[in-house]
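Please walk through this model one region at a time, beginning with a single strand pairing and ending with the surroundings of the ligand.

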Amino acid sequence: MRYTVAFPAGNTEYFSNSDYSQLLQIAPIASSVIITDENVNQLYGHLFQDYKTLIIESGEKSKTWETIQLLAEKLAGFEVHKGMKLIGIGGGMVTDVVGFLASVYMRGMKFAFVPTTLLAMVDAAIGGKNGINVHQFKNMLGSIRQPEFILYDQSFLETLPDVEWSNGFAEIIKYACIGDAAMFEELVISTQITFKTRASNLTSLINKCVQQKNSIVLADEQEKGLRKTLNFGHTAGHAFETLYHLKHGQAVALGMIVALIASEKAVNVSTDIRPKFVELLKQYSLPVSLKFDVDKVINTIHLDKKRNGGKIDFILLESIGNAVIHPLSFEEIRNALQIFAHGSYS
Ligand SMILES: NC(=O)c1ccc[n+]([C@@H]2O[C@H](COP(=O)([O-])OP(=O)(O)OC[C@H]3O[C@@H](n4cnc5c(N)ncnc54)[C@H](O)[C@@H]3O)[C@@H](O)[C@H]2O)c1
């Protein structure tokens, strides 16, 4: 299915449940440059061997200014100009880097994505946020610019390691928590196998996430309010990710437990939800506990972009499917972290 979403920052054409071979029609070889990572290139480089291709090291460590500089030099070497298009083929690391590079190279050029991880398909490729990390500051430099198109081909997921499937499910569980109680129940009665082995189930799940994210971004592209709800689990999650070198989805899973604990005190979410939620994370092979230093996590949260005076805008749950933005003091965050640190969930 092919459709266009008109965001304020630009239109994105979605090629949902599509086939990679479409790329040749929508991204001419002469005017496109592919950027991918080593793993994806090793597995799929033969598919785009006719394109000019730049390859970066795999992993979060490449989401840096050094990568941007290196890529910009190589683009200049290829005489890439504003009229051409960058195509990011890979997971969220690649889409974040390519979106950012395209927004600053020659003051902005066109770009598009072919997401190859579940996490990028349901989240990172969508909505125009891009960025790089600066030392321990996650996504400190970035912009909001929409990709021209996003081409979905689920067959890329056939080579995705199990741990990366789980990472993708962390963001899917996030969508269920903040806005789709029916999806939450669907996940409860399913397992990863339900989606790995039945392509139509997976397509429908991916489409629900894409639709939810698009409707939120359409209402609030610049993240003044509603879009912040997509950060459920991300405030503590980003601190865990940076300090303990966890994968993004694993860190978000842990951060969602902290946010749920905070929700019990601050907005009276039912305490029955936490055990059910923790079971769901386990069902999708996500971590539910971590040994961590509360002070270090608090210090990292102090530097968070969502800081609002002496408080942090936290995303809390009033119930499954209903998220609210609620400023929490550092004392309230510390309390939730301490309860999480001393809890026994596994
Ligand atoms: N911009 C946004 O809105 C947004 C939203 C969520 C997450 N993110 C960012 O996304 C990043 C995480 O994305 P990710 O989880 O996709 O990580 P990733 O891009 O690092 O990919 C994870 C691993 O899977 C490998 N891989 C990719 N496709 C594969 C395939 N088809 N088969 C086998 N291996 C494959 C990669 O090489 C990498 O080793 C984080 O940096 C996070 O901050 C951004």
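In the hairpin of E11 and E12, which leaves two residues between its strands, Gly 321 adopts a positive phi near 100 degrees; the model is a predicted one, and this backbone angle is a computed value within it. The strands on either side of that turn, E11 with residues 311-319 and E12 with residues 322-329, run antiparallel and are joined by eight bridges. Within this pairing, Leu 316 is placed opposite Val 324 of E12.

At the level of the whole chain, the domain assignment gives domain 1 as 2-159 and domain 2 as 181-342, and the C-alpha centres of these two domains lie 26 Å apart. Where they touch, domain 1 contributes 19 residues to the contact and domain 2 contributes 20 residues. On the side of domain 1 that touches domain 2, the elements giving two or more residues are strand E1 (2-7), H5 and strand E8 (137-141), and among these H5 gives the most, with four residues. By class, the residues on that side of domain 1 divide into 10 nonpolar, seven polar and two charged.

The ligand, finally, is surrounded by 29 residues, of which the closest are Asn 39, Gly 91, Gly 92, Met 93 and Thr 117. Two or more residues of this shell come from each of helix H2 (38-44), helix H4 (92-104), helix H5 (118-124) and helix H6 (162-179), so that helix H5 appears both here and on the side of domain 1 that touches domain 2. Sorted by class, the shell around the ligand holds nine nonpolar, 13 polar and seven charged residues.

Technical notes
Residues numbered from 1 in each chain as written. Predicted model: local features only at pLDDT ≥ 70, side-chain atom pairs only at ≥ 80, totals over all residues. Near = placed C-beta within 6 Å. Nonpolar A, V, L, I, M, F, W, Y, C, P; charged D, E, K, R; others polar. Pairing = 2+ DSSP bridges. Domains from an automatic or database assignment. Contact = placed C-beta atoms within 7 Å.
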